[in-house]
Structure formats: C-alpha cells, structure tokens
Amino acid sequence: REFLAGEGPKPMTGRAEECFRHALSRHLEPGGPARGKELFSLLFTFLAQMGHRPDYRDKLAEMYRGWREHIAADVASSVPEPRAVPPRVAASIVQALLQGLEIQLMIDPEAFDRAAMLNACTELLAPVFAQEPTAESEQHP
C-alpha cells in the first residue's frame, strides 16, 4: 500500500521495469526502508517456527504468493509476448533479489556498493523486462 501511495511508477501501468528499478533503489537507500527491517525481522521469526507451526508456514506462503502474483501480473501486462522469461518466473526472481539484498544490508549495511548493485541488477534483469527478439526482428534491426 505504501508503494502504491508513494512517488514513482505504479504497478499495472505498463511500466514493470521502472517499478522494479524504483523498488530496488528504495531498498538500497542508505538506512533502507525502516518498515522493511521490521517486516523481514518478523518474517525470520515466522520462518524459524515453520517446522512447529504450520499456520505460520501457511500465512507466509499466502503472503509470498500474493506478492509474486502482483509482480507477475505487472510483468504480464508490461512485457509483450514473446517474453524471455515467464511472468511467474520473473516474479520469483524479483522477489528473491529484493529480499536477499535487503537481508544482506540488514546484517551488514556495508555489504556492497549500493549504486553499483542497482546498476548491476538493472542490467542483469533487463532481458526479463524486454520483449524476446523474434526471427523476423533479428533479420530487420
């Protein structure tokens, strides 16, 4: 909700790549979003108890699924076919990347150069957000 109410590109407007870059840049800001730290600390508490509390696992699965479905829908509406990566796969990659980087920074705020990471991730995921070239477009650049 905070993301939708804030500044920057909005999901489901045909701008999935811009939304990803905006979200990633917010996660990589020095100090990061304070809510992210609270959220991930809570998630780790739930993760640690999943073996004993199936209700925790179910709640996390529902939350993560909703997050992925939202991202996948945005990719599906933004990236025309043929796509290099299916939207659900793209959503899982984005989710893992955002969470993994957030965790690294929670543990070690100096884990990596944030600007270099933003550029590397943007370049790395550019094919995910681009239309896959067809045989015809490769013949006629």
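## Close-up views of an all-helix model

**Figure 1. Cys 121, a buried cysteine.** Cys 121 is buried, with a relative accessible area of 3%. Please keep in mind that this is a predicted model. Cys 121 is one of the residues touched by Phe 20, once residues up to four places away in sequence are set aside. Another cysteine, Cys 19, is buried as well, at a relative accessible area of 5%. For readers hunting for cystine links, a search of the whole structure turns up 0 disulfides.

**Figure 2. The whole protein, to get your bearings.** The secondary structure comes to 7 helices and 0 strands, so a walk from the N terminus reads α-α-α-α-α-α-α. Of the 141 residues, 34% count as buried. The accessible surface is about 8900 Å², and carbon and sulfur atoms hold 57% of that area. Among contacts with a separation of 6 or more, 62% link residues 24 or more positions apart.

**Figure 3. The largest nonpolar core.** In soluble globular proteins, nonpolar side chains tend to be buried together. Here the largest nonpolar core has 23 residues, and Phe 20, Leu 24, Leu 28, Leu 101 and Phe 129 have the most contacts inside it. At least two residues of this core come from each of helix H2 (16–27), helix H4 (54–78), helix H5 (87–107) and helix H6 (114–129). The most generous contributor is H5, which gives 7 residues.

**Figure 4. Phe 20 and its neighbours.** Which residues does Phe 20 touch, not counting residues up to four places away in sequence? They are Val 94, Leu 97, Cys 121, Leu 125 and Phe 129. Two of these partners, Val 94 and Leu 97, are also listed among the buried residues of H5. Phe 20 itself is one of the buried residues of H2, and Phe 20 and Phe 129 are both among the residues with the most contacts inside the largest core.

**Figure 5. Helix H2 from end to end.** The 12 residues of H2 should span 16 Å at 1.5 Å a residue, and the end C-alpha atoms are 16 Å apart, which agrees. Its buried residues are Ala 16, Cys 19, Phe 20, His 22, Ala 23, Leu 24 and His 27. Take a moment to find Cys 19, which sits in this helix. Cys 19 and Asp 74 are 55 residues apart in sequence, yet their C-alpha atoms are 9.1 Å apart in space.

**Figure 6. Helix H5 and its buried residues.** H5 has 21 residues and reaches 30 Å from its first C-alpha to its last, close to the 30 Å expected at 1.5 Å a residue. The buried residues of this helix include the nonpolar Ala 90, Ala 91, Leu 98, Leu 101, Ile 103 and Leu 105. Gln 95, Gln 99 and Glu 102 are on the buried list too, as is Pro 87.

**Figure 7. Salt bridges at Arg 15 and Arg 53.** Side chains of opposite charge can pair when their charged atoms come close. How many salt bridges does a search of the whole structure find? The count is 4. In one of them Glu 18 pairs with Arg 15, with the closest N and O atoms 2.7 Å apart. Both partners are partly exposed: Glu 18 has a relative accessible area of 42% and Arg 15 one of 34%. Asp 55 forms another with Arg 53, the closest N and O atoms being 2.6 Å apart. Here too the partners are partly exposed, with Asp 55 at 38% relative accessibility and Arg 53 at 33%.

**Figure 8. The loop between H4 and H5.** Pro 82 is found in this loop, and a cis peptide bond with omega of about -5° joins Glu 81 to Pro 82. Is Glu 81 buried or exposed? Glu 81 is exposed, with a relative accessible area of 58%. Its side chain also meets that of Arg 83 in a salt bridge of 3.2 Å, N to O.

**Figure 9. Ser 41 and Met 106.** Ser 41 lies in helix H3, which covers residues 34–49. Ser 41 is partly exposed, with a relative accessible area of 38%. In sequence, 65 residues separate Ser 41 from Met 106, while in space they are 9.3 Å apart, C-alpha to C-alpha.

Technical notes:
Residues numbered from 1 in each chain as written. Predicted model: local features only at pLDDT ≥ 70, side-chain atom pairs only at ≥ 80, totals over all residues. Heavy atoms only, no water. Core = buried A, V, L, I, M, F, W, Y, C linked by side-chain atoms within 4.5 Å. Buried < 20%, exposed > 50% of the residue type's maximum accessible area, 1.4 Å probe, protein only. Helix = DSSP H or I, 4+ residues; strand = E, 2+ residues; numbered from the N terminus. Contact = heavy atoms within 4.5 Å. Expected span 1.5 Å × (residues − 1). Areas by Shrake-Rupley, 256 points an atom, 1.4 Å probe, with all protein chains shown as cover. Disulfide = S-S within 2.5 Å.
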